[in-house]
Each structure stands twice: as structure tokens, then as C-alpha cells.
Amino acid sequence: MTDAEPMSRSGPEPSVFRPVLPDPGALLPPDRSEQQPDEQQSDEQQPEPSEQQPAAPRRGSNAAWSSWTSRTSWTSLATMASVVVTATLAVVVPLRATSTFVTQFTRLAAFCLVFAGLWLLTHRMGLLSVGHGALTGVGAYAALHAVNDYSVPLLAMPLAGIAAGCAVGLLLGIPALRLPKAFLALLTLSAAVAFPIVLRQLDGPLPVLLDGEFIAPAWTGIAANDEHIWEFWVVAAWVAVAFWLLRGVLGGPIGRALVATRDEPTAAAAFGVPVYRLRLAGVSLSGGLAGLAGALMLVPVNFNDQSLYPEELSIKLFALTVAFGSTAIGGGRLIMTLPAATVLVLLPVWLADRPGWVTQGGWIGLVKSEFFLYAVLLLAAAYARSRRVQAARSFSA
């Protein structure tokens, strides 16, 4: 063996340590696309609906949902109860009460339409009107002369009031709606002040009688001296139909579009809603409801006079709409028309039965006056509204 020749090992070659590494694919989540068809089928199989367990809702959303459903259920129950009570009163009161009270009750039902028109403007459209007393007088004037001058049937007389109220509301809204919202209130207030003067020039200082009487048909079984019962049912039928149609219109896309013009007019216009024309139609519809009410007020009294529509009437209508539309009694819903009309019609009657209240002087006479009671009602409504806003903010927080 030479020096250049390498030395050979006689024993076996020693083993080298090699660590075993895991497969990298085992550390990744399984690919769903590479599964076999039968495995995908088993994963896609869902349990039967009866075997599914409802997911536990989040705590905050569950509380908000239950609160909303409870408020909705209570509101629906209150609406149904008010409808049942109103229908019962409409049947029972005319048969049991005196003719004087039934006449006041008939005026109350007609005034509900005026408040419905104001509710439409104030709470659905965000507009203000202080002249609905004048629009009521316009409907009464048109209905009376439609019967006296054009021989329109008595039962169709309210249609003339609707047409006149819609036309005057349209004329007032065309210029006012192109300006800020406050101008509609100013223009309608001017109309309320000017209407008694205009009506005095048209009809004179004396009342104008209606050429006709509302005589109950023979099939009703109402006696001839109980015509006040038939008069009330005629007015109640017109009011019920008007409310049914109004709720149908406002419950659909037109009602939602009116709310959009109130809250976000720019966004509504961007989505193709004709804001100006829709507001103009709403003002005209509100005037038509007031005109219908004025025509129905001729039914129990059979005459028209300019002293029935002073400017104080428009102010009272506006104040009661704001008061009962802001409290829990009405809550911005159409049901607010009933308590508002009750206060407007029956409060003066109640005060007239207590002559000592209005004849007292000093602070006692002020506290017992009608306008002071209206002021107290408005303050109470403002306080209740502020409490509701605070409660809503605390709930959302």
C-alpha cells in the first residue's frame, strides 16, 4: 500500500441523523373543492327544520326588537279599541241622547276631518297651516250655493265642499310652497283673517238658509221629529269613508313619499320623487278634507254665516293639532283627531253651562277662561314631548 492510496475503512459506514419533518399540507385547512362528491353532499345536507336550533340573538338587538314589538302591539290594540268605541258611540249616542247633544256630536264628527287635514300637513309633511278655519268656511259656502243655485242633491252636497276646498288649497299652495315653509303658515293665517270679511261681502250680514231638509227615509224607521239621528248618521258615513280612503292613500307609496319629502327632500328628489308637486297635492288634499267638513256642518244647522268662521277658529285648530299630535294621546297618529275635536266642540259647551266661570274678573277669571285652558294644554303637550324625546335618547344610548 502506497501513501497516495486512500486508507479504506474496514467497518460499516456510520449512519447520519436526519430529522423527520411533518407534511406541509397537513398544517393547512382542508380544501373543500378537493373533497369527493359524496363528502360534499354530506356537508351540504342540513338538518330538518324541526331539528334546527334557533340561533341565540344578541342581547342588545333582542331587547330592542321586543321593545319595538311591544310598542307596535300596544299601538294596534289602542287603534282597534278606539275604532270599536267610536263605532259604539256612533250607534248608541244618537238613540239615547238629546237632540242638542246629538247636534254637537255631529259637529264633532265633522271637525275630525279638519283635524285629519291638519294632521296630514303637520305630521306627515312637516308643513304648518293656520287657516283651516277659512277652508272649512269655503267648503260650507260652496256646498250651500251648489244646492241653492244649482239644485245639487243634498246627499251629494259634500262633493262641492271637497272640490272647493281642494281648489283653494291648491291656490294657496302654488306660491307658498316655492318659498320656505313658514310662508305657508303666514299665507293661511292671512286667509283666516280675510275670509269672514269676504263672506260678509258675498252673502251679506245675515245667515243664508239651505234650501232643503235632511228627512230620514221610511226604511230607517226614524220618526219625523228625530231627524237629528239621520243627520248624524249621514255625517258619520261621510267621515268614515273619508278616513278609510285617507288611511289607504297614506299607507301606500304616496304616504311614504310624503314622509320622504318631509325628512329628506333633497334625497327624495334625487330618487325621482316630484317634491313640489307631491307637496302641492298634499296641501290640496288637506284643504279638501276641511272643505268636506264645512259642507257636513251644514247638515245639522241648515244655514251658513260668517260668524261661524272667525280667525280664532283657525288658531284653535292649529293649537289642538300641535297639542294632541305631540303627546301620548295622539302620538302623531290619525287617532288624535278624536280628542282634539272633542275639546274644540265640547269645551265651550261645558264653559257655557258654568256662566260664573267666565264672568269672574281678575286672575280667577283668567284661569277659568277658554284660551288659558288652551295655553295650559299646549304647555303640557310641550312638556310631554320633551320627556318622550329624552326617553328615546336614553333608550338609543
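**Exercise 1. Which helices each supply at least two residues of the lining of the largest cavity?**

Work this out on the predicted model, and then describe the cavity by volume and by residue class.

*Solution.* Begin with the inventory: the structure holds one cavity of 30 Å³ or more, and the volume of the largest cavity is about 60 Å³. Next, list the residues around it, which are Leu-121, Ser-129, His-132, Leu-135, Gly-169, Leu-172, Leu-184, Thr-188, Val-283, Ser-286 and Gly-287. Placing these on the helices shows that at least two lining residues come from each of α5 (132–150), α6 (157–176), α7 (182–203) and α11 (275–296). Of the contributing elements, α11 gives the most, with three residues. Finally, sort the lining by class, which yields five nonpolar residues, six polar residues and no charged ones.

**Exercise 2. Describe how α4 and α11 pack against each other, and decide on the relative direction of the two helices.**

*Solution.* Two packed helices are described by the angle between their axes and the distance between the axes. For α4 and α11, the angle is about 170° and the axes lie 7 Å apart. The cut-off needed here is that angles over 145 degrees count as roughly antiparallel, and α4 and α11 are therefore roughly antiparallel to each other. The next step is to name the residues that meet: α4 brings Ala-110, Leu-113, Val-114, Ala-116, Gly-117, Leu-118, Leu-120 and Leu-121, while α11 brings Gly-282, Val-283, Leu-285, Ser-286, Leu-289, Ala-290, Leu-292, Ala-293 and Leu-296. By class, this contact of α4 with α11 consists of 14 nonpolar and three polar residues, with no charged residue. A link to the first exercise can be added, since Leu-121, Val-283 and Ser-286 are among the residues lining the largest cavity and also take part in the contact between α4 and α11.

**Exercise 3. Characterise the second largest pocket by its volume, its lining and the elements that form it.**

*Solution.* Start with the volume of the second largest pocket, which is about 400 Å³. Its lining comprises 19 residues, and those nearest its centre are Arg-107, Phe-111, Ser-307, Leu-308 and Leu-313. Two or more lining residues come from each of α4 (99–124), α12 (298–301), α13 (311–326) and α14 (337–352), and α14 gives the most, with four residues. Sorted by class, the lining of this pocket holds 13 nonpolar, two polar and four charged residues.

**Exercise 4. Is Thr-337 buried or exposed, and which residues does Thr-337 contact beyond its neighbours within four places in sequence?**

*Solution.* First locate the residue: Thr-337 lies in helix α14. Because its relative accessibility is 4%, Thr-337 counts as buried, the cut-off being under 20%. Beyond its neighbours within four places in sequence, Thr-337 touches Cys-112, Phe-115, Ala-116 and Phe-243. Of these partners, Ala-116 is also one of the α4 residues that meet α11.

**Exercise 5. Place Ala-142 within the fold, and then step back to the protein as a whole.**

*Solution.* Ala-142 lies in helix α5, and, once neighbours within four places in sequence are left aside, this residue is in contact with Ala-160 and Ala-164. Ala-142 and Gly-294 are 152 residues apart in sequence, yet the distance between their C-alpha atoms is 9.1 Å. For the protein as a whole, 77% of the contacts with a separation of 6 or more join residues 24 or more positions apart. The protein has 17 helices and two strands, and 36% of its 397 residues are buried.

How values were computed. Residues are numbered from 1 along each chain as its sequence is written. This is a predicted model: local features need pLDDT of at least 70, side-chain atom pairs count only at pLDDT 80 or more; totals for chains, interfaces and linings use all residues. Side-chain values use heavy atoms; hydrogens and water are left out. On a 1 Å grid over the protein atoms alone, a cavity is a set of points where a 1.4 Å probe fits but cannot get out, and a pocket is an open set with protein on both sides within 12 Å along at least five of seven lines; lining residues have an atom within 4 Å of a point. Grid points are joined across faces, edges and corners, and a volume is the space filled by probe spheres set on the points. Ala, Val, Leu, Ile, Met, Phe, Trp, Tyr, Cys and Pro count as nonpolar, Asp, Glu, Lys and Arg as charged, and the others, Gly among them, as polar. Axes are lines fitted to C-alpha atoms, for helices over the stretch in contact, and angles run from 0 to 180 degrees between N-to-C directions. Angles under 35 degrees count as roughly parallel, over 145 as roughly antiparallel, 65 to 115 as roughly perpendicular and the rest as oblique. Contact means heavy atoms within 4.5 Å. Buried means under 20% relative accessible area, exposed over 50%, partly exposed in between (1.4 Å probe, protein chains only).
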